[in-house]
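This report looks at how several helices are built and how they pack. Please have the sequence and the model in view while reading.

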Amino acid sequence: MKRDLGLLRRILLVIEAADDGRGRDFKIEFDDVEPEIVYGHLKLLLEALFIDGIESQAIGHELIYPTRLTWEGHDFLDAIRDDNIWQKTQAALVKVSGGASVEVVKAFAVYAAKEILGIQ
């Protein structure tokens, strides 16, 4: 599976919107993304400590039910939340063959936000 930063962003936005502060778990599904791909990206978010969640075993496959964003998850999402900043970030990623570390993506998004705000 190839890491899809756009999907990670979508997942983080869904988790943030669904978090009621009570730590309830929920399932994330997208009509246009295979469940295995969503699972793989949830696993990446857990490994990066961007989310907390409950991992469980079902017959033949694993599931992850996110419960909340962590501090790091909120920071990353805040950097890439704005659609204009996200579009600039994606355009910059194309220049580096479409891939970069999460730290580089976040740093560029912060730079783009400062540029938009006139802060340099």
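What span should the 16 residues of helix 5 (residues 102-117) have at 1.5 Å a residue, and how far apart are its end C-alpha atoms? The expected span is 22 Å and the end C-alpha atoms are 22 Å apart, which agrees. The expected span is 1.5 Å times one less than the number of residues. Helices are DSSP runs (H or I, at least four residues), numbered from the N terminus.

This is a predicted model, in which local features need pLDDT of at least 70 and side-chain atom pairs count only at pLDDT 80 or more, while totals for chains, interfaces and linings use all residues. Residues are numbered from 1 along each chain as its sequence is written, and side-chain values use heavy atoms, with hydrogens and water left out.

**Helices 4 and 5**

The same check works for helix 4: its 13 residues should span 18 Å, and its end C-alpha atoms are 19 Å apart, which agrees.

| Helix | Expected span | End C-alpha distance |
|---|---|---|
| Helix 5 | 22 Å | 22 Å |
| Helix 4 | 18 Å | 19 Å |

Buried means under 20% relative accessible area, exposed over 50%, and partly exposed in between (1.4 Å probe, protein chains only). In helix 5, V102, V105, A109, A112 and A113 are buried. They cover an arc of only 100° around the axis, which puts them on the same side of helix 5. The arc is taken from the directions from the helix axis to the C-beta atoms. These buried residues pack against helix 1, helix 3 (71-80) and helix 4 (83-95). Just after helix 5, G118 has a positive phi of about 80°.

The buried residues of helix 4 are I85, W86, T89 and L93. Their arc around the axis is only 100°, which puts them on the same side of helix 4. Q87, V94 and K95, on the other side of helix 4, are exposed. The buried residues of helix 4 pack against helix 1, helix 3 and helix 5.

**Helix 1**

R9 lies in helix 1 and, at 9% relative accessibility, counts as buried. Not counting residues up to four places away in sequence, R9 touches L77, I80, R81, D82, D83 and W86. Contact means heavy atoms within 4.5 Å.

Helix 1 (residues 5-18) packs against helix 2 (residues 35-47) at an angle of about 75°, with the axes 10 Å apart. The two helices are therefore roughly perpendicular, a term for angles of 65 to 115 degrees. From helix 1, L7, L8, I11, L12 and I15 meet I37, V38, H41, L42 and L45 of helix 2.

Terms used. Axes are lines fitted to C-alpha atoms, for helices over the stretch in contact, and angles run from 0 to 180 degrees between N-to-C directions. Angles under 35 degrees count as roughly parallel, over 145 as roughly antiparallel, 65 to 115 as roughly perpendicular and the rest as oblique.
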